[in-house]
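Visitor: I am new to this structure. Please take a close look at aromatic pairing for me, and then go on to the parts around it.

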Amino acid sequence: MKRADATAIYLYCLVHGQKSPSPARPPRGLPGTGPVRLLDAGDGLWLAVADAPLARYGSEPIERGLRDLKWVSACAMAHESVVEHFARAGTVIPMKLFTLFSGDERAVTHVRRTRKRLLRLITRVMDRQEWGVRLSLDEARALRGHAARSPGDGRRLGGGTGFLLRKKQERDSVRRLAERARAEADRTFGALARRADDARRQTPPPGGAGIRVLLDAAFLVRARRSPQFRATAHSLARRLAGEGYALTLSGPWPPYTFVAEPA
């Protein structure tokens, strides 16, 4: 494995199905890797793999690459495209980015050794889709709307008293807005979780200028119930839009979030 032309096996995902998924025309995969191919692990499990040159995917090149956001992003998108390709053929268990083995036999042995846990995961996600929901608030717009509806006494008073009163009213408005926003995020999560088999909240990412992300969540939904889930999300989005909130729905995705243990 120290030769310049040595390769490892890159594992994209496991595929479970009653018959072998078609390997025809899979996406190209990670830059510099070989064609995507399938390994039979028995009992309806296949591994979607590719040869990966250690000159590009050994531990040291990967360590260097992780400092390059553009390289990591390109690898992640290529990885996901392969996972999503096979998700159309059966139940998939996505692997983490840069999951590598020294050879085909080691990869198959690893899967066979962890078969019991993998079968539990497959049972959990089979015939289900992952949907992502993000709820954000335009704080400036929401505060303007609140001020228009409740002008308060500060605007009618002049001088120092009026100034101090206006400042207090502004602070009170910001506090009440934050309380309502947290409650709205909880209600939104609860309403969608009732349409799902599982749901997980994640730490919201930073928003843009003046935008606060209140909710970043993933939902595991039975495929046949996805239309009702989408309808609920769209109904919530319409109701919240007039109050400065924006609800975005993404998916369906392979069950990336739900094959990992809860944080």
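Guide: We will begin with the rings, go on to a helix pair, and end with a few single residues.

First, how to read it: the model is predicted, so local features need pLDDT of at least 70 and side-chain atom pairs pLDDT 80 or more, while totals for chains, interfaces and linings use all residues. Residues are numbered from 1 along each chain as its sequence is written, and side-chain values use heavy atoms, without hydrogens or water.

How many aromatic pairs are there? The count comes to six, taking rings of Phe, Tyr and Trp (its six-membered ring) with centres within 6.5 Å, and calling planes under 30 degrees apart stacked, over 60 edge-to-face and the rest tilted. W71 and F98 make a stacked pair, because their ring centres are 5.3 Å apart and their planes stand at 10 degrees. W71 belongs to helix 3 (residues 69-87), while F98 sits in the loop between strand 4 (91-94) and strand 5 (100-101), so this pair ties together parts that are 27 residues apart in sequence. Helices (H or I, at least four residues) and strands (E, at least two) are DSSP runs numbered from the N terminus.

F98 deserves another look. Although F98 is not a glycine, its phi is positive, at about 65 degrees. F98 also counts as buried, with 16% relative accessibility (buried is under 20%, exposed over 50%, partly exposed in between, with a 1.4 Å probe and protein chains only).

Strand 4, on one side of that loop, also holds P94. P94 is buried, with a relative accessible area of 8%. Leaving aside residues up to four places away in sequence, P94 touches Y12, C13, V83, P254, Y256 and V259 (contact means heavy atoms within 4.5 Å). How far apart are the C-alpha atoms of P94 and L192? They are separated by 24 Å, and the two residues are 98 apart along the chain.

Now for another group of rings. W131, F189, F219 and F229 form one aromatic cluster. Over the face of F189 lies R201, at 5.2 Å from the ring centre (NZ of Lys or CZ of Arg must be within 6 Å of the centre and within 35 degrees of the ring normal).

From F229 in this cluster we can go on to helix packing. Helix 7 (residues 159-193) and helix 8 (residues 226-241) pack at an angle of about 160 degrees, with axes 10 Å apart. The two helices are therefore roughly antiparallel to each other (over 145 degrees; under 35 is roughly parallel, 65 to 115 roughly perpendicular, the rest oblique). On the helix 7 side, E184, T188, A191 and L192 meet F229, T232, A233, L236, R239 and L240 of helix 8.

Strand 6 (residues 128-138) holds S136. S136 is buried, at 15% relative accessible area, and its contacts include I211, R212, V213, L214, G244, Y245 and A246, again not counting residues up to four places away.

Last come two backbone details. G251 and P252 are joined by a cis peptide bond, with omega about 0 degrees, and P252 lies in strand 9 (residues 245-253). D43 has a positive phi of about 55 degrees and is not a glycine. You will find D43 in the loop between strand 2 (37-42) and strand 3 (45-53). Is D43 buried or exposed? D43 is exposed, with a relative accessible area of 61%.

Technical notes
Axes fitted to C-alpha atoms, helices over the stretch in contact; angles between N-to-C directions.
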